[in-house]
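Dear colleague,

Please find below the structure that I am handing over to you. A description of what was found in it follows.

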Amino acid sequence: MVRVVAAGNTDHTPKLYPGLGHSLGPAKDITLDNFAPTARGPMDDMAAWLRARAH
């Protein structure tokens, strides 16, 4: 997050998704991420974030 701010990006919303791995799909832990399909919650959040910024 520090690098995002240092780069001058002021339009960001950090979120944590417990139980999801790097791909934002279900993962038993961060070392066992099998890059499952992205879970619905993060997809909904990303879509809402983009809709709020669409002109």
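**Contacts and overall form**

Counting contacts between residues at least 6 apart in sequence, 19% join residues at least 24 apart in the protein. Please bear in mind that this is a predicted model.

The secondary structure comes to two helices and zero strands. The protein has a radius of gyration of 13 Å, whereas a compact globule of 55 residues would have one near 10 Å. Measured out along the principal axes, the C-alpha trace would be described by a span of about 35 × 25 × 15 Å.

As to the surface, the protein exposes about 4,700 Å², and carbon and sulfur atoms supply 63% of that area. Of the 55 residues, 15% count as buried.

**The loop between the helices**

Three residues in the loop between α1 and α2 deserve a description here: S23, L24 and F35. The helices on either side of this loop are α1 (2-6) and α2 (40-53).

S23 has a relative accessibility of 16%, which is under the 20% cut-off, and therefore counts as buried. Leaving aside residues up to four places away in sequence, S23 touches D33, F35, A36 and T38.

L24 has a positive phi of about 65 degrees, although L24 is not a glycine. With a relative accessibility of 24%, L24 counts as partly exposed, because this value falls between the cut-offs of 20% and 50%.

F35, one of the residues that S23 touches, also is not a glycine and has a positive phi, here of about 55 degrees. F35 counts as exposed because its relative accessibility is 54%, and the cut-off for exposed is over 50%.

**The largest pocket**

Which residues line the largest pocket? The lining is made up of H12, T13, K15, Y17, L24, P42, D45, M46 and W49. L24, the loop residue with the positive phi of about 65 degrees, is thus listed in this lining. About 190 Å³ of space lies in the largest pocket. By class, its lining has five nonpolar, two polar and two charged residues.

In brief, the points to take from this model are the two helices and zero strands, the positive phi of L24 and of F35, and the pocket lining to which L24 belongs.

With kind regards

Methods: Residues numbered from 1 in each chain as written. Predicted model: local features only at pLDDT ≥ 70, side-chain atom pairs only at ≥ 80, totals over all residues. Heavy atoms only, no water. Helix = DSSP H or I, 4+ residues; strand = E, 2+ residues; numbered from the N terminus. Buried < 20%, exposed > 50% of the residue type's maximum accessible area, 1.4 Å probe, protein only. 1 Å grid on protein atoms, 1.4 Å probe; cavity = no way out; pocket = protein on both sides within 12 Å on 5 of 7 lines; lining within 4 Å. Points joined across faces, edges and corners; volume = space filled by probe spheres on them. Nonpolar A, V, L, I, M, F, W, Y, C, P; charged D, E, K, R; others polar. Rg over C-alpha atoms; globule rule 2.2 N^0.38 Å. Contact = heavy atoms within 4.5 Å. Areas by Shrake-Rupley, 256 points an atom, 1.4 Å probe, with all protein chains shown as cover.
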